[in-house]
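Trainee: I should like to go through the terms used for this structure and ask what each of them rests on.

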Amino acid sequence: MINSRQNYLNAKRFSADLALEHIIPHNVCFYLIPPIVDLTIDEFEKLALERLKMLRLLEQVTAKNPKVSSEAWREAVLAEVNHEGLRTYAKLARGNLNDDASKAARRRDYLSHFILRFAYCRSEELRRWFVAREMELFRLKFGALSMRDVKDFLEVYELDYKPLSDEEKLDISEHLCASTYNHTRLKMETTDFYAVHFTEVLNLVRDRKCFLKAGVAYITPEHFTHVIGKKHQQLIEDGLKGHLRLLPTLEIDERFAMLLKSIHTSYTGKNYTVAKTGSVPVESLDQLSKKSFALCMRNVHDTLRATHHLKHVGRMQYTLFLKAIGVTMEDALRFWREELTRGKVPIEKFEKEYAYAIRHNYGKEGSRINYSPFSCMKVITTPIGPGETHGCPFKNLDSSTLKMKLTGYGLSAIDADEVAGYAAKGHYQIACGKYFEVVHETKLEEGINHPNQYFELSQLTMEGKERPRQGHAAAAANQSARWNSQPNSQSTQDGGMVGDSSTLNGADDDLELWEIMESKEKETDADGTMLAVPVAESLSKKVSPKQTKAAQEWDDDDFDMLEFNE
């Protein structure tokens, strides 16, 4: 019975893949027809996070290079794509090929687009972000097409545009040369020009960047990309509205509801859940914080040193960070004991309550969950209450306070203004990257997505070694060598693309620690402020037994997108 059902599912998937191949015959596509395929929830999540990683990469490169030429932007994007190992999108950005690898890449691209539509249709802000990123991805893929590829694309989607013939170009060659920036006559002869109605390129007409005759504008392939892009953008915006109407039906399944709501804040970088094999002595934290701590962690560290107190979320954020850089549990207990007992926490209270929370964060108490350190998205989105110092300073501090803090940390007024300028525009991670560059007097080749990534890059930079492009084991070895001390009992784990598991593996079900600390905070704080408790943000690849059972049950079910498009 099981074999016959599996054979049926395999046959159904085979026919679905053939149908999918038929509706996406080109590397650049308009995503017109929703796919009808069977996906496990694990495949569903992997596809979503892979595309999310690509879209975030596009956002960072665009924000860091807002005024560069199209070709320079494209080279910067491809360098990051290759660095991050996003083979699907690297393949799609090489023109229109019809080999098996390209077909597989098209499938992942097509499915992941429709999955993220469900995640990003729920609010205007999310829709704007998604559309902007998808247009950048379209620009990347379309820009790789040859003249033959563009013609094939126009034929596939039955778009009534054709490049000018040689005779037509010759008749208006003088006008084309005069109206086209940086095009010699030789280049013009080998470049396709397109004739479009002037209302489709009003910006070019206004800026006099095209030849206009009898209501027809003659434009270059670069400008033609924007014409096609407008049609693509309208289709995506209309599709998001349709997905919004279907969202309640999909979210009947709680697994999808949780996953879709958490995708935007999911972490898609290296996994820092398991600590380094080397040991970082707590005596070195003051020195390390000045250069190797991201601003969020330096702010928490300085506050702890100055006041000898942090509220629960701040303690959790900092403890998990210390665990991931290689501070042993014994050293962490000693560090926190010395600091907190200098404040208002009696030694008996620390041993009874606070020490439990530290051991819990190290996975030695309660449900023994191996908590993951906070990623940038987790730090940015965690709520901040009165008297709390966790979170992202680039987001939570006003511009003048941020500049004052940065100059106090040794940045020049010009550098502080530049960093604060990125923060004021909402580019918090880019601001963090610029802060790294100023502090380390170097050019950062990748975006900052995690405080522990910041620490790792800082250590490698100060050692004068280039960060390995492939594999994180080498980075772990370098870190271990730097802190030549007794090895941690925990092993190093290679990091791949993972969901944000800052409260990992069903931690939202284990309320033991949260309830204890919440009640103790009420007793300790004079202001009686309620503690803001973060909840689990996303599904994790490593699941609890209960979640594993659910995932196994899902494997036996059919996920048919047709049900949500009828």
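Mentor: The discussion below takes up the chain as a whole, then single residues, then two pairs of helices.

Mentor: The model is a predicted one. Its protein chain holds 27 helices and 3 strands, and buried residues make up 52% of its 566 residues. Of the contacts with a separation of 6 or more, 73% join residues 24 or more positions apart.

Trainee: Why is Glu-339 called buried?

Mentor: The term buried applies under 20% relative accessible area. Glu-339 has a value of 0%, and is therefore buried. This residue belongs to helix H17, which spans residues 329-342.

Trainee: Which residues is Glu-339 in contact with, leaving aside its neighbours within four places in sequence?

Mentor: They are Leu-304, Arg-305 and His-308. In addition, the C-alpha atom of Glu-339 is separated by 7.5 Å from that of His-309, a residue 30 positions away along the chain.

Trainee: What makes Thr-382 count as buried?

Mentor: Its relative accessibility is 6%, and the limit is 20%, so Thr-382 counts as buried. Thr-382 is placed in the loop between helix H19 (376-381) and helix H20 (393-396).

Trainee: How do you know that the side chain of Thr-382 makes a polar contact with the backbone oxygen of Lys-378?

Mentor: A polar atom of that side chain lies 2.5 Å from the backbone oxygen of Lys-378. The cut-off for a polar contact is 3.5 Å, so this pair falls within it.

Trainee: What is noted about the phi of Tyr-31, and is this residue buried or exposed?

Mentor: Tyr-31 has a positive phi of about 50° although it is not a glycine. Most residues other than glycine have a negative phi. Tyr-31 is in the loop between helix H1 (2-23) and helix H2 (41-64). With a relative accessible area of 3%, under the 20% limit, Tyr-31 is buried.

Trainee: Why is Glu-441 called exposed?

Mentor: Exposed means over 50% relative accessible area. Glu-441 has 74%, and is therefore exposed. Glu-441 lies in the loop between helix H23 (428-440) and helix H24 (451-462). Its phi is also positive, at about 50°, although Glu-441 is not a glycine.

Trainee: What makes H16 and H18 oblique to each other?

Mentor: The axes of H16 (residues 312-325) and H18 (residues 347-361) come within 10 Å and cross at roughly 50°. Angles under 35 degrees count as roughly parallel, and those from 65 to 115 as roughly perpendicular. The angle of roughly 50° belongs to neither class, and the two helices are therefore oblique. The crossing of H16 with H18 is right-handed.

Trainee: Which residues meet where H16 and H18 are in contact?

Mentor: From H16 come Arg-315, Met-316, Thr-319, Leu-320 and Lys-323, and from H18 come Tyr-354, Ile-358 and Asn-361. By class, this contact has 4 nonpolar, 2 polar and 2 charged residues.

Trainee: Why is H21 called oblique to H22?

Mentor: The axes of H21 (residues 399-408) and H22 (residues 413-424) come within 9 Å and cross at roughly 140°. The label roughly antiparallel requires an angle over 145 degrees, and roughly perpendicular ends at 115, so H21 is oblique to H22. H21 passes H22 in a right-handed crossing. The contact involves Ser-399, Leu-402, Lys-403, Leu-406 and Thr-407 of H21, and Ala-413, Ala-416, Asp-417, Val-419, Ala-420 and Ala-423 of H22. These residues divide into 7 nonpolar, 2 polar and 2 charged.

How values were computed:
Residues are numbered from 1 along each chain as its sequence is written. This is a predicted model: local features need pLDDT of at least 70, side-chain atom pairs count only at pLDDT 80 or more; totals for chains, interfaces and linings use all residues. Side-chain values use heavy atoms; hydrogens and water are left out. Helices (H or I, at least four residues) and strands (E, at least two) are DSSP runs, numbered from the N terminus. Buried means under 20% relative accessible area, exposed over 50%, partly exposed in between (1.4 Å probe, protein chains only). Contact means heavy atoms within 4.5 Å. Axes are lines fitted to C-alpha atoms, for helices over the stretch in contact, and angles run from 0 to 180 degrees between N-to-C directions. A crossing is left-handed if the near helix is turned anticlockwise from the far one by less than a right angle, and right-handed if clockwise. Ala, Val, Leu, Ile, Met, Phe, Trp, Tyr, Cys and Pro count as nonpolar, Asp, Glu, Lys and Arg as charged, and the others, Gly among them, as polar. A polar contact is a pair of N or O atoms within 3.5 Å; within protein, one must be able to donate a hydrogen and the other to accept it, and residues adjacent in sequence count only if both atoms are side-chain atoms.
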